Amino acid sequence: MENPIQFVQWLRSVAPYIHAFRGKTFVVAFPGELVMAGALPVLAQDLSLLHALGIKVVIVHGSRPQVEEQLALRNLKAHYHNGLRITDAAAMECVKEAAGELRLDIEAAFSQGLPNTPMAHAAIRIISGNFVTARPLGVIDGVDLEFTGVARKIAYETIHPILSAGALVLLSPLGFSPTGEAFNLTMEDVAVAAATALHADKLIFVSETPLMADAEGRDVRELTAAQANALLKTGQLPADTAFYLQACVKASRGGVPRVHIVPFEMDGSALLEIFTHDGVGTMVSTENLETLREATIEDVGGILKLIEPLEADGTLVKRGRELIEREIDYFSVIEHDGVIFGCAALYPFPAEKMAEMACLTVNPEVQSQGDGERILRHMENRARAAGFKKLFVLTTRTAHWFLKRGFMHATVDDLPKDRQHMYNWQRKSLVLIKQL
């Protein structure tokens, strides 16, 4: 090993994620294009690693290019309406053929156990079955979609015991009606239905699309469901990307806390998204944008009420109303039903491309609910958007909390020059810095 120290540091850095995700349920969906690109064996290894770490994994596969192949072999032409395949009886046979072949390929990929691979000594069982109940989409805009359907129910009461027993569950883009008919479904529809029914902690689309970008070409890393919906309404996204994002919004509104889109072209993209702070894809969260926002002058009273007890016991440096009014543009707040119960301020130091986060406060009555982390992520995003490379805090009592979230010990000499001159040597605050 060329750099054992770096390896140990990396392993330690992912440990919190391992602890947090053990016993959680992840739905991982990928298109048929991933299989066509030869990326299935590597993805199987990555998902096997998640399984080994105690994560319950449900897999959903797509089959669009494989169905196209089957249609071509039979000299049949594909027909679409509004991006959905019109599945007649002949096309349905192609769908079944493609799904059956893919299921066998996936099962074979999870059965490999070659030495010196992540699959070594793995004995993974993957279970599939008639877990998806579906109904026909019917006639849309005067066009009969025939055997094209939509997921109606997921057999969560059967899937949960399978996952608890240590097996993986595989769902194909097929559903069955109580009358015994089979329907062709989209991978995205099955994935969203499964994640919602199983109350999954994450839904991850390992997609053929590149990292999402906005109209200015900037990477889109994190969105709330409301922001994602607004982005869709602009019509600026490519059709495939928009289709994935629509599925993310639907899953988010269905109660899935985190939905991710990661490109399969990047080796290990699913692992990088899950086990690194910034990830490599786009995440849609259920967080309500209206409750976490930048502060306005009307928020001064609420901020004062929130921080005054901490100023009184010396946790925070005292700030008067006039100072907060002057610096209100630096603040962000969490608001619920018109009441501010969390805040923080971001002070810029452009010359060194650094920013200071100060006055991070959450009402004691609602602590331990993750709001402090939500504010921290928000402030980190504000700092990144402004072009800052480092975020630092000065603290006398909460160093542990920041260290657990990626901050590192530093010295006063590591601060921006202007901030060094303002350092209060009587308080002897600890200096903690985080790379953004």
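Which residues line the largest cavity? I would like to start there this morning, keeping in mind throughout that what we are looking at is a predicted model. The lining of that cavity is made up of S207, T209, P210, L211, M212, T241, I261, V262, P263 and T282. The space inside comes to about 40 Å³, and by the rule applied here the count is one cavity of 30 Å³ or more. If you look for the element that gives the most to this lining, you will find strand β15, residues 258-263, with three residues. As for chemical character, the lining divides into six nonpolar residues, four polar ones and no charged ones.

Let me now step back to the whole chain, so that you can place these pieces. The protein has 436 residues, of which 47% count as buried, and the chain forms 15 helices and 23 strands. Along its principal axes the C-alpha trace spans about 80 × 55 × 40 Å. Among contacts between residues at least 6 apart in sequence, 69% join residues that are at least 24 apart.

Next comes the interior. The largest nonpolar core has 47 residues, and those with the most contacts inside it are I159, L171, L203, F205 and L245. Apart from that one lies another core, of 34 residues, among them A270, I274, F275 and V280.

I would like to stay for a moment with F205, one of the residues with the most contacts inside the largest core. When its neighbours within four places in sequence are left aside, F205 is in contact with A29, M187, E188, A191, V192, Y244, A247, C248, V259, H260, I261 and V262. Two of the names in that list, I261 and V262, will be familiar from the lining of the cavity.

Another name in the list is C248, which lies in helix α9, residues 239-253. Is C248 buried or exposed? Its relative accessibility is 0%, and since buried means under 20%, C248 counts as buried. Leaving aside neighbours within four places in sequence, C248 is in contact with F205, V259, I261 and V284. To give you a sense of distance across the model, the C-alpha atoms of C248 and A351, which are 103 residues apart along the chain, are separated by 39 Å.

That brings us to the part of the chain around A351, and to strands β19 and β20. These two strands pair in the antiparallel sense over seven bridges; on β20, M354 is the bridge partner of F349, and T361 is the bridge partner of C343. The hairpin they form has four residues between the strands, and in it K353 takes a positive phi near 55°, a positive value in a residue other than glycine. K353, which sits in the loop between β19 and β20, has a relative accessibility of 44% and therefore counts as partly exposed.

The strands themselves are another matter. Nine of the eleven residues of β19 are buried, so this strand is largely enclosed by the rest of the structure, and β20 is mostly covered too, with eight of its nine residues buried. In strand β20 we find C359, whose phi is near 60°, again a positive value in a residue other than glycine; at 5% relative accessibility, C359 counts as buried. Strand β20 also pairs with β21, in the parallel sense and over three bridges, and here the bridge partner of M354 is K390.

Finally, what is β20 doing in the lining of the second largest pocket? It supplies the largest share, seven residues. The pocket holds about 1,300 Å³ of space and is lined by 49 residues, of which L316, A358, C359, L360 and T361 lie nearest its centre. The elements that give two or more residues to this lining are α11 (300-312), β19 (339-349), β20 (354-362), α13 (371-385), β21 (390-395), α14 (399-403) and α15 (417-422). Sorted by character, the lining has 25 nonpolar, 14 polar and ten charged residues.

If you take one residue away with you, let it be C359, which is buried, has a positive phi, and is among the residues nearest the centre of the second largest pocket.

Methods
Residues numbered from 1 in each chain as written. Predicted model: local features only at pLDDT ≥ 70, side-chain atom pairs only at ≥ 80, totals over all residues. Heavy atoms only, no water. Core = buried A, V, L, I, M, F, W, Y, C linked by side-chain atoms within 4.5 Å. Buried < 20%, exposed > 50% of the residue type's maximum accessible area, 1.4 Å probe, protein only. Contact = heavy atoms within 4.5 Å. 1 Å grid on protein atoms, 1.4 Å probe; cavity = no way out; pocket = protein on both sides within 12 Å on 5 of 7 lines; lining within 4 Å. Points joined across faces, edges and corners; volume = space filled by probe spheres on them. Nonpolar A, V, L, I, M, F, W, Y, C, P; charged D, E, K, R; others polar. Pairing = 2+ DSSP bridges.
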